[in-house]
Amino acid sequence: MGEVSESGVDLAAYLDRIGYDGATEPTADTLAALVIGHTSHIPFENLDPLCGVPVIDLGPAALSAKLVTDRRGGYCYEHNTLLRYVLEQLGFGVDALGARVVWGNPEGLDGPPHAETHQALAVRLPGDDAGDDPLLVDVGFGGQTLTSPIRLRPDVVQQTRHEDYRIREHGRAHLLETRLPNGWTPLYTFTTEPRPLIDLQVGSWYVSTYPESKFVTGLSAAITTADARWNLRGRHLVMHHRDGRTERTRLDSAEQVLEVLAERFGLPVSGIAGLAARVAEMLDS
């Protein structure tokens, strides 16, 4: 184990967890490499809320223990808060941002606003690398998470390791969109007002305990590779290739779901109390 900083994050252990052994100076190249490592090694998953375990402690020690030491994943508040601690330790300027998800909403942008239940990051580079715009970083948006930082600049199409993204003005907020095979798709609205930790804790408590939250009622997992996205929703496993092809697999049993979580997403399923029973219950409902 390496030295634990005042933030409670063992930087060496985190870098080993994401398979990164490159430079750690706070530059654009370092940031991009950390995002690649994080999104391809630490899966998005909601197994704690699914099993009735609320996620409220977003302190550095708790997040390091779960996502680094125990080799688990998590959802937006866990992923992006852990990365914020790491980036601050490396000398980046970072603000936590709050967002309202519109992706998957049948009424889209025209419907009533959802609660502010997503978190992203605004990252500033120090010194000569700072540029005019902060960077939007989001390693915790599940199946459509940003796999590269993008400039927080409206009306510019920006390429990531996977899809194109753009930011548009939306009233007093910003709107993040991605270009999918069926065209531009809105993901979430957000503002650049920094959110304190207490707001993040409230949002995390809500999505991990509210009876109708999708994190409480259904299983989700996601991870990226260099050429694809792997998404699991309940018993349905989908692989989206960068070239536009999609492969879909229906898993027939709880045992198959647990096997995929372990082998494809690298999760220690045997050590998660109550998971097997909860997955079986979910598939039977």
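Which residue in strand 9 is the bridge partner of H174? To answer this carefully, it helps to look at the sheet in which that strand lies, keeping in mind that the structure shown above is a predicted model.

Eight strands make up an open sheet, in the order 5-4-3-2-9-8-7-6, with antiparallel pairing. Strand 5 (150–151) and strand 6 (158–159) stand at the edges of this sheet, and each has a single partner strand, so one side of each is left without a neighbour in the sheet. As a general point, the strands of a sheet pair through backbone hydrogen bonds, and the pairing may be either parallel or antiparallel.

Within this order, strand 8 (residues 173–180) pairs with strand 9 (residues 183–190) in the antiparallel sense, over seven bridges. The residue asked about at the start can now be named, for the bridge partner of H174 in strand 9 is F190. Helix 5 (residues 76–90) packs on the sheet, where it touches strand 2 (93–101), strand 3 (118–124) and strand 4 (135–137), and the direction of the helix makes about 20° with that of strand 3.

Strand 3 deserves a closer look. Strand 2 and strand 3 run antiparallel and are joined by seven bridges, while three bridges join strand 3 to strand 4, again with the strands running antiparallel. V123 can be followed across both pairings, since V123 is the bridge partner of V94 in strand 3, and the bridge partner of V123 in strand 4 is L135. Strand 3 is also mostly covered, with six of its seven residues buried.

From the backbone we can turn to the charged side chains. In general, side chains of opposite charge can pair when their charged atoms come close. The structure holds 17 salt bridges, and one of them is formed by the side chains of R72 and E45, at 2.8 Å from N to O. This pair links distant parts of the chain, because R72 sits in the loop between helix 4 (60–69) and helix 5, whereas E45 belongs to strand 1 (residues 44–45), 27 residues apart. Both R72 and E45 are buried.

Another salt bridge joins the side chains of D48 and K66, at 2.9 Å from N to O. D48 lies in helix 3 (residues 47–50) and K66 in helix 4, so this pair ties together parts that are 18 residues apart in sequence. D48 has a relative accessible area of 14% and is therefore buried, and K66, at 12% relative accessibility, counts as buried too. These residues also belong to a wider arrangement, as E45, D48, K66, R72 and E78 are linked in a network of salt bridges.

A further salt bridge, at 2.8 Å from N to O, is made by the side chains of R195 and E116. Here R195 lies in the loop between strand 9 and helix 6, and E116 in the loop between strand 2 and strand 3, so the pair ties together parts that are 79 residues apart in sequence. R195 is buried, with a relative accessible area of 15%, whereas E116 is partly exposed, with a relative accessible area of 27%.

Finally, we come to the surface, where I56, W205, Y206 and Y210 make a nonpolar patch of about 370 Å². W205 has its place in helix 6 (residues 197–209), and with a relative accessible area of 44% W205 is partly exposed.

How values were computed
Residues are numbered from 1 along each chain as its sequence is written. This is a predicted model: local features need pLDDT of at least 70, side-chain atom pairs count only at pLDDT 80 or more; totals for chains, interfaces and linings use all residues. Side-chain values use heavy atoms; hydrogens and water are left out. Patches are made of residues with over 30% relative accessible area and no salt bridge: like charges are joined within 9 Å, nonpolar side chains (Val, Leu, Ile, Met, Phe, Trp, Tyr) within 5 Å. Accessible areas come from the Shrake-Rupley method with a 1.4 Å probe; for residues, only the protein chains shown count as cover. A salt bridge is a side-chain nitrogen of Lys or Arg within 4 Å of a carboxyl oxygen of Asp or Glu. Helices (H or I, at least four residues) and strands (E, at least two) are DSSP runs, numbered from the N terminus. Buried means under 20% relative accessible area, exposed over 50%, partly exposed in between (1.4 Å probe, protein chains only). Two strands pair if DSSP finds at least two bridges between them. Contact means heavy atoms within 4.5 Å. Axes are lines fitted to C-alpha atoms, for helices over the stretch in contact, and angles run from 0 to 180 degrees between N-to-C directions.
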